[in-house]
Amino acid sequence: MIRITDILDKTQSYLSQEEMEMIQKAYVFSASVHQGQVRLSGEPYLTHPMEVAGILADLKLDAPTILTGILHDTVEDTVATIEQIEEGFGKEVAFLVDGLTKISKITFGSQVEKQAENFRKMMLAMSSDIRILMVRLADRIHNMRTLEYQTPEKQRYIAKETLDLYAPLANRLGINWMKVELEDLAFRFLEYEAYNDLARRVTKKKEKRDQYTQEVKSIIKKEMEKAGLPGEVEGRAKHFFSIYQKMQEQNLNFDDVYDLTAFRIILDSDRERECYEALSMVHALWKPVPGRFKDYIAMPKANNYRSLHTTVIGPYGERVEIQIRTRVMHEWAEEGIAAHWRYKEKRADLGNDEEQIKKLRELLETQQELKNPREFMSNLKLALFPDEVYVFTPRGDVQAFPKGATPIDFAYSIHTDVGNQCIGAKVNRAIVPLKYELQNGDTVEIITQAGHHPSKDWLKFVVTSRAVAKIKNWVKIEEREKSVGLGRELLEKEFRKNHLKLNQIIKSDEMKKVYEEYSVASLDDLLALIGYGRVSAKRIVHQFLPETDKAGGGAAVAKVRTKGSEQSPVGISLTGIEDVMVRFAKCCNPIPGDEIVGYISRGRGIAVHTAMCPKARDMDSERLVDVEWSIKEKHTYPVDMRVVCRDKKGILAEVSAVISSLDTNISRAEINTDPDIEAVLDFRIDVNDLNQFNQIASAIKKLKDVVSVERVRKR
């Protein structure tokens, strides 16, 4: 356990005596209010806030941030109050602690809503003070380091949330060591067997890799001395998750991954020119690999990362990745926004001109109009993965976009009206399709037409969260108008059937009660719900019928019906939806254990998709409903699985034997080979749930000639 003296030792070089005494006071206060509390590991609870404060001290953050690290759980988990924090440690610390206190008194409809609301609160708090996010990230780092004490279900949930959102947030702030550690820890709990297998293989090659690393470092260092470029050379093993990603994306076996080590040249000079001199030196030493050079000095990443990247054919014909940067660039690359506290006299007051904070605030502003929690989380994830391309405006200004961005994304980055009225685009003076993927160096010009409107089809290829949000907002308005019209038609028809007139009832007290029951403010809101299929017109009219006509009808009871049966247990439970047909979407074939979402399709009931289904992105958020697995009897569900392996005689029989040994039926099998002497085996198997599928996948991965195993979803 880290001690208070350790934190004071870390901070004595840059904090005043008065600030260090305040840290000591916070320690005493936290120890007293957390007394008797223990973590799942059996350790005193105080170990957690102390470890969080230690991480913040390592980043050399200011005194209020470290105080917040020590006190961040006091209001949430003890009898301490915000008023006590303010009285003892000042308004600034109280504000930071309050920003970190979780929403414990609010009840959310689903786990997705709870997660989205917590992140929305975090992003809102962060927009007023970035230090709140710094403490939250340090808190997540320590929780991930001790995740083994949680239940397996909790481990997977927390690890997935970390990989989806916290690691990208650390990356967006430029704190590389934190991003790397969060990714590797999450990988360990999400893919336990793959992680251990990779760790074993890397350890096996360690001695040989260390020798090679020392040899390359020695050669580069000698050349730097000859060229008069003072600095140091680092050689570090790539982190496990990045190796695993490369193996998955390129269908590589571990033995085929050569660049397991990355080298860095860190120059003592702060002159950019010397970085390019070092690059020339490296290219004179070894032949560069075409297409593998990136200049992040001339065009920095979205998180302000600056460096030169090149890959060369090094000693013994091995590919060697080399990064070249100044010491100031290196400090930013490793610690990002945290590095700014080094240069501040006292407070971490990052003014409005701070580019990185401005970008994060712009990201937040784009999300503000998204009320649906699933939509909010989806757009937030899109915005946090900046694998970028750089393009030019007609005036020669450089703009960065996520990889895969299109002219539509470019248009919405200029202005909402430009995006909405876009009818075409020119790239490098030539007309291109609107779904053209922008490339580095493209010059983009947008063609607009007044009165033109966006198309729902654009959602299939735009990638920026801003473009997605703006298009969905327009589609939502259009869909609502159609749904209001349809709802009016259905309701009037039902009223006429029962010899009632809608116009005579609209302003009645009974109708106001209906509004209250369905939490709507107007007739149009109610009609929209009916048009979307969320509310039954029959049930609305039922409330206005005379008592004699209601006899025997009773209150409508929520039922779930499957196609071809009156009431069949399909393992799905719904709330607030009446008498609907439920079917599983064939595009993603959900199985128990998957996170799922229901989509109300007019006339076809509810289609159940996995939350990760690509088609879910195009869905109208107003027609999404919460659904849950409710398994009472065992059923089998079809799943498509792809196995990539070395092409050899009998490989299909080997893989089939593993599947059959786990008491699983194979309903379809297909084998194809490619020029790289690989076989691609496509199976459709019948499983009970996600856990059984994961067991099958793990067993197949153990076969010697198997490269990868993945679940296939249609796009």
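Which residue's side chain meets that of Glu 272 in a salt bridge? In this predicted model, the partner is Arg 306, with N and O 2.3 Å apart. The two come from distant parts of the chain: Arg 306 sits in the loop between β4 (294-295) and β5 (308-313), Glu 272 belongs to helix α15, and 34 residues separate them. Neither end of the pair is buried, since Arg 306 has a relative accessible area of 23% and is partly exposed, and Glu 272, at 36%, is partly exposed too.

That pair has plenty of company, as the structure holds 29 salt bridges. One of them joins the side chains of Asp 58 and Lys 10, with 2.7 Å from N to O. Asp 58 lies in helix α3 (residues 47-58) and Lys 10 in helix α1 (residues 4-11), so this bridge ties together parts of the chain that are 48 residues apart in sequence. Asp 58 is partly exposed at 41% relative accessible area, and Lys 10 is partly exposed at 28%.

Another salt bridge pairs Asp 268 with Arg 327, and here the closest N and O atoms are 2.9 Å apart. Again distant parts of the chain are linked: Asp 268 is in the loop between β2 (261-267) and α15 (272-285), Arg 327 is in helix α16 (residues 327-335), and the two are 59 residues apart. The relative accessible area is 44% for Asp 268, which makes this residue partly exposed; for Arg 327 the value is 35%, also partly exposed. Salt bridges can also join up into a network, and Asp 640, Arg 668, Glu 670 and Arg 684 are linked in this way.

Now for the overall picture. The protein has 28 helices and 22 strands. Of its 715 residues, 50% count as buried. The exposed surface comes to about 35,600 Å², with carbon and sulfur atoms supplying 49% of that area. Among contacts between residues at least 6 apart in sequence, 66% join residues at least 24 apart.

Back to α3, the helix that carries Asp 58. Its twelve residues should span 16 Å at 1.5 Å a residue, and the end C-alpha atoms are indeed 16 Å apart. This helix is mostly covered, with ten of the twelve residues buried. Among the buried ones are His 48, Met 50, Val 52, Ile 55 and Leu 56. What do the buried residues of α3 pack against? The list is α1, α2 (17-33), α4 (63-71), α9 (131-145) and α11 (176-190). So α1 turns up twice around α3, both as a packing partner and, through Lys 10, as the other end of the salt bridge to Asp 58.

After α3 comes Lys 60, in the loop that leads to α4. Its phi is near 55°, a positive value in a residue other than glycine. That stands out because most residues other than glycine have a negative phi. Lys 60 counts as partly exposed, at 32% relative accessibility. On the far side of the loop, α4 is mostly covered, and nine of its nine residues are buried, including Pro 64, Ile 66, Leu 67 and Ile 70.

Tyr 316 also has a positive phi, near 65°. This residue is found in the loop between β5 and β6 (319-326). Is Tyr 316 buried or exposed? At 65% relative accessibility, Tyr 316 counts as exposed, the cut-off for that being over 50%.

Two further helices, α19 (residues 407-414) and α21 (residues 465-497), meet crosswise: their axes come within 9 Å and cross at roughly 85°. The two are therefore roughly perpendicular to each other. On the α19 side the contact is made by Ile 408, Asp 409, Tyr 412 and Ser 413, and on the α21 side by Arg 466, Ala 467, Lys 470 and Ile 471. The spacing fits a general feature of helices: an α-helix has 3.6 residues a turn, so residues three or four places apart point the same way.

Finally, helix α28 (residues 690-701) has twelve residues and reaches 16 Å from first C-alpha to last, close to the 16 Å expected. Its buried residues are Gln 692, Phe 693, Ile 696, Ala 697, Ser 698 and Ile 700. Their cover includes helices and strands alike, namely α12 (192-204), β19 (637-646), α27 (651-661), β21 (678-687) and β22 (706-711).

Terms used. Residues numbered from 1 in each chain as written. Predicted model: local features only at pLDDT ≥ 70, side-chain atom pairs only at ≥ 80, totals over all residues. Heavy atoms only, no water. Salt bridge = Lys/Arg side-chain N within 4 Å of Asp/Glu carboxyl O. Helix = DSSP H or I, 4+ residues; strand = E, 2+ residues; numbered from the N terminus. Buried < 20%, exposed > 50% of the residue type's maximum accessible area, 1.4 Å probe, protein only. Expected span 1.5 Å × (residues − 1). Contact = heavy atoms within 4.5 Å. Areas by Shrake-Rupley, 256 points an atom, 1.4 Å probe, with all protein chains shown as cover. Axes fitted to C-alpha atoms, helices over the stretch in contact; angles between N-to-C directions. Parallel < 35°, antiparallel > 145°, perpendicular 65-115°, else oblique.
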